[in-house]
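Q: Please give me a close look at the helix packing here. I would then like to hear about the other local details, in one connected account.

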Amino acid sequence: MKRRDVLQVGAATMGLGFQPWVRAQSSANLKPGKPYAGTELSLMTVVAPQFKAHEARLPEFEALTGIKVKYQYVPFASTREKLTAELVAQGSQYDLLSVMDVWGPSLYNLFDPINARLAEKKIDMVERYPYAHLRASRDGNGNGKNILGMPIRGHVQLMFYRKDVFAKLGLKPPATWDEMVETGKTIQAKTDLSGVAMYYGKTGAQNLMIWFNYLWGMGGDLLDAKGQPAFNSPQGVAATQAYIDVLLKHKVAPAASASFNESDAANSMAQGKVAMYPVWWWRFAGLVDPKTSTLKPEQVGFAPLPSMPGKDSTTYTNTWFYGINKNSKKKDAAMEFLTWLSQPEVERSVLLDPSLNEVVAVQTRNLLDGDVNRRFGGMHLFGAQALKGAKGTPLFPQWAQVSDLLEATMSELATGKTQVKPALDEAASRARRLLRS
Amino acid sequence: MVVLRRIPVHWLLLAPALFFVAAMALFPLGYSFLLSFREWKLARSVTPGDWVGLENYWYLLTDDPDFLEAVKVTSVFVVSNVGVTLLVALGAALLLHRAGRINTFARVLLILPFVMSPALVGISFRFFLNGEYGIVHHLIGLAFPSMVNTIWLADSTLSMVAVIAADVWHWAPYMTLVMLGGLASIPKETEEAARVDGASAWAVFRDVTLPQLLPVISVVLVLKTVFALKAFDIIYTLSNGGPGRSTQTLAYFVYETAFNYYNMGYAAAAAYILTAVLLVTSGFYLRLVFKK
Amino acid sequence: MTASLSTAAMPGYQASAGERTVNWVRQLAVMVLIGAILLPIAWIFLTAFKTPRDVYSISSALWFTPTFENMLTVFREPWNLGSKVVNSLAVAGGTVLLAMPMATMAAYAFSRFDFRFKQTIFLIVIASQFIPAAVVVLPYFLMFKEAGMLDTRTALVLVNLSIVLPYAVWMIKGFIDAVPMEIEESAMVDGAPRSRVIWEIVVPTALPGIITAAVFSFTLTWNEFLFALIIGKQHALTLPIGLIGFRTERGDLWELMAAGGVLITAPMFLISLLVQKQFVGSLTAGSVR
């Protein structure tokens with residue numbers, strides 16, 4: 001099936017035709033007359049090409065409103081600590097803050113709910129954002145009433161693969177995890193590449209990102225209906241076994257995968273050592289940039305993540321949002337900024353910027369946009385499709401500890417020194433203890 | 001000033017440093033100590049919660065398998081780390097304690113590992129050991145062919161070795177400098193007198209050099225123990241406490257509990273258990289030092 | 001440094017075969033030592049001049065096209081290592097300049113006087129450094145917030161002073177202990193005030209110790225990370241913060257970190273050369289007595 005056909009089918013399946021983009025004027029509902037001219041806002045964020053692209057567009061905002069926004073970059077690895085300090089001191093060092101949902105709902109106490117402001121600006125969050133991203137910006141474990149910020153960065157998982165190798169061997173991107181193993185074996189037999197770059201090392205819960213797909217795909221879950229650990233259920237054990245077997249039993253991942261984190265695996269792919277790599281879509285840029293990769297764009301293909309046979313793919317997604325600091329004294333001006341920044345047009349202009357290879361998009365309209373999909377070969381339609389069935393980060397308060405527990409368990413299992421069922425049972429009993437508190 | 005003359009000189013001399021340390025450290029230490037008797041989970045409240053007495057301490061010591069595991073890991077880490085550092089520093093100091101261009105060059109190099117940021121050292125060692133492109137992994141594979149496929153950071157024992165090696169690389173050269181200073185202040189005459197009396201090199205070392213070196217050795221011992229117990233950045237960036245929890249030390253545990261689990265009171269209690277251990281051991285050490 | 005055994009310095013001395021072997025082994029050991037220290041540093045140095053593509057490959061380990069891109073990038077937005085280096089120098093320099101006099105006086109007091117609670121006070125001063133930083137950094141943050149001193153280099157100097165003083169006092173005390181008291185006592189009997197005694201007799205003799213403490217304090221402050229992270233925001237950012245900034249969502253940008261590492265190591269190498277001369281000079285003077 002040609003790519004174009006896939007796109008048509010995909011779009012039709014979602015009950016929408018190609019959305020021709022109507023060049024509209026700024027849809028932001030900014031207050032007329034520049035009432036906040038001269039205000040200076042301070043935004044805490046991290047260095048990412050997407051955010052840098054936003055920063056480059058700030059002069060436009062300043063011209064419209066007279067508000068100056070200072071981007072204060074904090075090391076990505078230390079953002080939690082800065083946010084904690086801000087939270088504990090109930091400070092107003094920053095007017096706007098960014099939070100990633102995986103850091104847990106504790107940090108959500110930093111923000112001022114913006115429901116009333118959204119209504120005033122006539123922003124329809126449900127229309128704008130897929131449910132998977134929207135829930136991350138709500139309180140109450142994703143089901144609360146209060147909306148705490150605007151999703152700004154959100155990710156979808158894809159399977160990147162070597163188009164040239166697959167073409168030479170007559171292979172198709174795998175549709176199920178078992179197919180991935182078979183494809184991997186073929187590749188390892190016929191070339192000197194490894195099959196798939198997995199990452200089981202302990203770093204920031206990265207080794208859980210793909211595991212979630214296995215777990216949910218097999219019908220397992222983290223917690224059961226009573227809120228007790230359920231990942232050591234028979235489905236959980238089977239899922240974990242299948243996940244670990246990719247390395248230990250089938251050996252279609254490079255041996256070093258046991259210690260890899262996500263970027264080690266990216267480097268492995270970029271160095272041409274491995275033929276498949278399941279990861280977040282934004283890794284695309286690094287795989288085709290001659291400064292960071294030995295691969296050419298025509299060698300890098302992508303496909304939706306495999307799923308369990310006969311089931312729909314249930315992928316994992318995570319979301320960042322920007323919100324207004326509860327203690328800020330410039331909340332109205334801050335809302336002006338959020339209104340402007342979160343316009344679909346801004347996101348779209350970054351996506352279509354020829355000087356960047358930025359694929360990150362969180363708004364439904366942009367995910368379905370014709371120009372965007374033409375530029376990135378339909379990646380965003382895949383993304384929109386994946387987001388429909390995607391589950392986000394668990395948002396219960398003890399998640400940080402449970403996640404740490406699970407990632408330690410996974411990394412230990414990958415060393416081959418422990419068995420799946422006892423390890424998961426032990427983790428479940430510790431998790432039960434944690435959830436009691 | 002008349003008043004000043006009435007105050008004993010030693011208080012005047014002590015005052016600046018003492019006053020400063022007290023002024024700066026009093027509030028933070030007091031705050032965190034009191035916090036260890038309260039429950040404070042940032043997820044539930046932005047301000048410290050109820051007073052729970054010794055509950056945090058009780059949980060840690062009796063009901064927290066992670067804490068106990070961290071204690072075990074820490075013991076192994078600290079004892080090996082300090083032991084190896086001491087031996088390397090002493091050996092290197094004896095080696096370099098003589099004239100010569102090469103020795104002088106080596107001495108100039110000794111400060112370099114110490115001034116590198118621990119995070120940089122940790123990350124670099126992590127990349128050195130990478131199974132696909134790590135230079136150390138590669139060289140070890142050349143020297144010991146059976147280890148060509150060993151993935152260091154996927155093995156609990158080897159990860160611990162790596163973490164210790166990184167910390168020793170970071171600190172031992174500096175400790176060598178300290179030892180060299182100690183060796184230099186031993187009067188040559190005592191060693192020469194023993195030699196003239198016909199003692200062997202080893203006997204000279206054991207009976208003359210070593211006893212005079214004891215003060216410096218004890219400084220190195222205690223200093224390294226304190227910093228080994230506090231080591232965090234290097235472990236965080238090298239192995240992230242893994243695989244599993246095999247390199248998760250107490251310092252790591254405290255950090256995670258505070259900044260990842262947002263369990264502030266509990267973290268404070270864990271920190272003060274660590275402090276209590278250090279207090280007891282240094283109490284003994286000080287008794288020795290002040291006896292002289 | 002004390003020279004090698006005096007017998008070997010005698011003219012016409014012929015080393016025995018056994019001694020020659022020992023010397024040969026010694027030379028080898030020193031080479032191994034130098035290699036162990038230099039290999040990682042050299043590797044980091046090489047990495048600083050590679051593109052990311054060449055960094056993560058063993059085949060381009062030694063054969064690659066060098067690039068200055070990394071060294072230039074670290075000075076630009078958003079990394080701005082230049083200003084961070086300046087801040088680090090200011091904070092570390094300021095801390096050491098303030099710490100040394102205070103620590104020397106206190107060390108002298110602990111060494112030369114006997115008074116009640118001496119041991120306890122000493123222990124408490126040192127014990128202030130036993131608490132893991134993770135647990136005290138937030139109270140410090142609150143303190144500086146109340147004083148309106150957040151994001152200032154002064155605040156960092158104050159924090160680092162409190163970190164560094166205990167170690168400096170302890171180290172200098174050790175060196176002062178080793179200096180016999182007779183000289184001071186006879187000078188004071190001759191009528192010299194204690195301040196002159198300290199300045200003209202004790203300090204010069206304990207200079208190796210003061211320099212050791214100064215180097216240690218400088219390095220501790222230079223590498224201090226957590227307090228700088230929490231207290232700094234825009235104006236008081238130091239080098240370690242800059243380095244951690246290279247741990248991005250994309251992973252550890254080792255080539256940029258290595259460039260930062262080169263920037264740290266090169267000046268330190270020079271400083272070490274200078275200090276060595278001083279260090280060696282004082283040590284030799286000390287051993288002659």
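A: Let's begin inside chain C, where the axes of helix α9 (residues 182-189) and helix α10 (residues 194-205) come within 10 Å and cross at roughly 140 degrees. Axes here are lines fitted to C-alpha atoms, for helices over the stretch in contact, with angles from 0 to 180 degrees between N-to-C directions. Helices (H or I, at least four residues) and strands (E, at least two) are DSSP runs, numbered from the N terminus. The crossing angle makes α9(C) oblique to α10(C), because angles under 35 degrees count as roughly parallel, over 145 as roughly antiparallel, 65 to 115 as roughly perpendicular and the rest as oblique.

Please keep in mind that this is a predicted model, in which local features need pLDDT of at least 70 and side-chain atom pairs pLDDT 80 or more, while totals for chains, interfaces and linings use all residues. Residues are numbered from 1 along each chain, chains are lettered from A and ligands numbered from 1 in written order, and side-chain values use heavy atoms, without hydrogens or water.

Which residues of α9(C) and α10(C) make the contact? From α9(C) come I183(C), E184(C), A187(C) and M188(C), while α10(C) brings R194(C), V197(C), I201(C) and V202(C); contact means heavy atoms within 4.5 Å. By class, these residues of α9(C) and α10(C) are 6 nonpolar, no polar and 2 charged (Ala, Val, Leu, Ile, Met, Phe, Trp, Tyr, Cys and Pro count as nonpolar, Asp, Glu, Lys and Arg as charged, and the others, Gly among them, as polar).

Now for a packing between two chains. Helix α13 (residues 250-259) of chain B packs with helix α7 (residues 133-146) of chain C at about 40 degrees, their axes 8 Å apart. That makes α13(B) oblique to α7(C). On the chain B helix, V254(B), Y255(B) and F259(B) meet A134(C), V135(C), V137(C) and L138(C) of α7(C). The contact of α13(B) with α7(C) holds 7 nonpolar residues, no polar and no charged ones.

The loop between α12 (233-238) and α13 of chain B contains P243(B). The peptide bond from G242(B) to P243(B) is cis, with omega near -5 degrees. Chain C offers another cis bond, from E77(C) to P78(C), with omega near -10 degrees; P78(C) is in the loop between α4 (69-73) and α5 (81-112) of that chain.

In chain A, your attention may be caught by an open sheet of 4 strands in the order β6-β7-β5-β8, with mixed pairing (two strands pair if DSSP finds at least two bridges between them). Its edge strands, each pairing on one side only, are β6 (194-196) and β8 (300-304) of chain A. From one strand to the next, the twist averages 25 degrees. Helix α9 (residues 177-190) of chain A packs on the sheet and touches β5, β6 and β7 (274-280), its direction making about 165 degrees with that of β6(A). Strand β5 (residues 157-162) of chain A runs antiparallel to β8(A), joined by 5 bridges, and Y161(A) stands opposite G301(A) in β8(A). Across β5 and β8 of chain A lies helix α18 (residues 379-388), running at about 25 degrees to β8(A).

Past β6 in chain A, the loop between β6 and α10 (209-217) holds A205(A). Phi of A205(A) is near 60 degrees, a positive value in a residue other than glycine.
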